[in-house]
Amino acid sequence: MPRIKGEKGFFVPSDTVPHLSHISTKWPLFLLLCSAASADHLYEPRHDSTILAAMDQIFRMDYAAADIALKRIPDNAAAKPYFSGIVCMNRFQDLGDTSALQRAEFFWTQLNAEKSGAFPNENGARLDTYHGLALMQLSYISSLRGERFHSAKLAFSAHSQFDGSNMAEARAGAALFEYYRGRLLSSIPLVEPNLNVPMQRLQVAADSSRYLRDLLRSSLFWMRVDHGEADSALRIPDEFLKRYPRNRLARQMRGSGLFRAGKLSEARLIYEELLQEYALLNLSTSKNLPLGYYKAAGNLARIYSGLGLKHEASAKLALWQKALDSGLSPWLPATLKRDLERLKKP
């Protein structure tokens, strides 16, 4: 499957959900469990506050705390390997921790390999949704490795898990699949798929998701950027950053959106700050790949070039070339690589 950018609205506050500690009789508990089973989005009544806490820690970039929170979920709940993989993927995308990427792959492969036998108490639609979401993430990992055929195979398998499901996350996964399949088809002469339809479906589905709204909206951000809708795309990280103002991945998104909108001076400030932050992080986490640092340098190269700052652009291009020479090219964004190749040409 083509890359789903994550390189992903407000959660419903957890105190609006009746917790088990507030229930004094078995009858309200029965009603709660029934309503969860019929919900049109992923909802884990027994582990709701744990998952919300873990997602909050992810967005605060405290990945160790998120891991600790998820350990409270029992092994026979499908939510545990799925959200543990989300922690690892965010750690990789932020810090360049390739061991975290391997752990994410392990969690999601395990979730699908064991199928329903390992999760006897799971609702069928919910388990299918977790399977599909995990397959989509595995498709993304395969695309990072350049395994295009295997990535596409995993994406089709994911789509089959979503087929006919009314759960918000399944509808979002199907919309992502339809969008990127449409983009591939649009490269064929005389084929003009309507990509606005899956974009609209993704937005509606994302807004209905309790746990994955922000991550799904990050995919919507990249879609809008690709469509030249930078101003509307920017509303997504702007809203998120009101709650998590220091989140590095969201600030990278905002910088890219500002660059696409032609707001180069604003984008420059973001990436100069990120370059300094990642430089300090590299000193404290020497085992990780310095992906954030080099992505910031590459973005600054094209921003400085656009501002007519040739000397500064040349210095950042030299840094970028160092990343390519050291073997980091497969991990770096394809669009950024293409833009900087054009900058190198006389």
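Start by selecting R201: with a relative accessibility of 47%, this arginine counts as partly exposed. You are looking at a predicted model, so please read every value on this tour as computed from it.

**Stop 1: R201 and its partner**

Keep R201 on screen and add E178. Their side chains meet in a salt bridge, with 3.1 Å from N to O. R201 belongs to helix α9 and E178 to helix α8, so this pair ties together parts that are 23 residues apart in sequence. E178 is also partly exposed, at 24% relative accessibility.

**Stop 2: the loop between α8 and α9**

Next, color α8 (168-185) and α9 (196-207) and look at the loop between them, where you will find I188. Is I188 buried or partly exposed? Its relative accessibility is 40%, so I188 counts as partly exposed. Now add L185 and V191 to the selection: together with I188 they form a nonpolar patch on the surface, and the three share about 210 Å² of accessible area.

**Stop 3: D207 and R213**

Select D207 and R213 next. These two form a salt bridge in which the closest N and O atoms are 3.0 Å apart. The two ends sit in unlike surroundings: D207 is partly exposed at 36% relative accessible area, whereas R213 is buried at 14%.

**Stop 4: R251, E277 and a network**

Move on to R251 and E277. Here the closest N and O atoms of the salt bridge are 2.4 Å apart. R251 lies in helix α12 (residues 248-260) and E277 in helix α13, so the pair ties together parts that are 26 residues apart in sequence. Both residues are buried: R251 has a relative accessible area of 5%, and E277 has 18%.

Which residues are linked with this pair in a network of salt bridges? Extend the selection to D94, R246, R248 and E273, which join R251 and E277 in that network. If you then switch on salt bridges for the whole model, the count comes to 24.

**Stop 5: α13 against α14**

Stay with α13 (residues 264-284) and bring in α14 (residues 291-306). Their axes are 8 Å apart, and the helices pack at an angle of about 155 degrees. α13 and α14 are therefore roughly antiparallel to each other. Turn the view to look through one helix at the other; the crossing of α13 and α14 is left-handed.

**Stop 6: two loop residues**

Select E229, in the loop between α10 (213-226) and α11 (230-243). E229 is partly exposed, with 30% relative accessible area. Add R260 and draw a distance between the C-alpha atoms: E229 and R260 are separated by 8.8 Å there, although they are 31 residues apart along the chain.

Then jump to M61, in the loop between α2 (48-59) and α3 (63-70). What is its phi angle? Phi of M61 is near 65 degrees, a positive value in a residue other than glycine. At 17% relative accessibility, M61 counts as buried.

**Last stop: the whole chain**

Finally, clear the selection and zoom out. The chain has 16 helices and zero strands. Of its 346 residues, 52% count as buried. A surface view takes in about 16100 Å² exposed by the chain, with carbon and sulfur atoms supplying 55% of that area.

Definitions and conventions
Residues numbered from 1 in each chain as written. Predicted model: local features only at pLDDT ≥ 70, side-chain atom pairs only at ≥ 80, totals over all residues. Heavy atoms only, no water. Patch = residues over 30% accessible without salt bridge, like charges linked within 9 Å, V, L, I, M, F, W, Y side chains within 5 Å. Areas by Shrake-Rupley, 256 points an atom, 1.4 Å probe, with all protein chains shown as cover. Salt bridge = Lys/Arg side-chain N within 4 Å of Asp/Glu carboxyl O. Helix = DSSP H or I, 4+ residues; strand = E, 2+ residues; numbered from the N terminus. Buried < 20%, exposed > 50% of the residue type's maximum accessible area, 1.4 Å probe, protein only. Axes fitted to C-alpha atoms, helices over the stretch in contact; angles between N-to-C directions. Parallel < 35°, antiparallel > 145°, perpendicular 65-115°, else oblique. Left-handed = near helix turned anticlockwise from the far one by under 90°.
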